[in-house]
Amino acid sequence: MKKTYTRSIHELQEIVTDTEKFFEQNGIDDSLRMKVDLTIEELFVNMVTYNTETDQNIEIEMNPIDGGIEVSLTDFDVERFDPTDVREVDIDAPLSERTPGGLGLYLVLKMADSIHYEYHNRSSKITFTNRVAESDV
């Protein structure tokens, strides 16, 4: 499935609905849904919020893979931002000592089984996978 969405957080409900349909149509284990939905939401909201120099739609592509799903989000006509190259977040520090920002991407990196970033011709593509753990099968 490949579909484009307007640059609006109001698209999140449709994205969740489309993800649910994709899981059902492809027999993907529903135990992965929460991780996939949260990861897509965080990446999509970051693209909408921080890539304000473009009005291009964001493309989301989902593909079934052995034991799970591969999802790509592509943002067009934007500056480079590699989410795999973000600063560490000290989750053990007291709130008063934490620097705001970065927690969402930190969670994305922890939830995805793998994450890959590509940047070509002002297009930013983030691909992540989630699979059912061997112990869950």
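Asparagine 130 is where I would like to begin: in this predicted model, asparagine 130 has a relative accessibility of 0%, and because buried means under 20%, asparagine 130 counts as buried. As for its place in the fold, asparagine 130 belongs to strand 5, which covers residues 123-131.

What does the side chain of asparagine 130 reach? At 2.9 Å, the side chain comes to the backbone oxygen of methionine 111, and Met111 also appears among the residues in contact with asparagine 130, once its neighbours within four places in sequence are left aside. On that same basis, the other contacts of asparagine 130 are Leu32, Lys35 and Val36, then Gly67, Gly68 and Ile69, and finally Ala112 and Asp113.

Let me turn now from the residue to the sheet. Strand 5 is one of five strands that form an open sheet, in which the order is 1-2-3-5-4 and the pairing is antiparallel. At the edges are strand 1, residues 2-5, and strand 4, residues 114-120, each of which pairs on one side only. From one strand to the next, the twist averages 20 degrees.

At the strand 1 edge, strand 1 pairs with strand 2, residues 58-65, in the antiparallel sense and over four bridges, and tyrosine 5 stands opposite isoleucine 58 of strand 2.

Finally, there is a helix to place against these strands: helix 1, residues 12-26, lies across strand 1, strand 2 and strand 3, the last of these being residues 68-76, and helix 1 runs at about 20 degrees to strand 2.

How values were computed. Residues are numbered from 1 along each chain as its sequence is written. This is a predicted model: local features need pLDDT of at least 70, side-chain atom pairs count only at pLDDT 80 or more; totals for chains, interfaces and linings use all residues. Side-chain values use heavy atoms; hydrogens and water are left out. Helices (H or I, at least four residues) and strands (E, at least two) are DSSP runs, numbered from the N terminus. Buried means under 20% relative accessible area, exposed over 50%, partly exposed in between (1.4 Å probe, protein chains only). A polar contact is a pair of N or O atoms within 3.5 Å; within protein, one must be able to donate a hydrogen and the other to accept it, and residues adjacent in sequence count only if both atoms are side-chain atoms. Contact means heavy atoms within 4.5 Å. Two strands pair if DSSP finds at least two bridges between them. Axes are lines fitted to C-alpha atoms, for helices over the stretch in contact, and angles run from 0 to 180 degrees between N-to-C directions.
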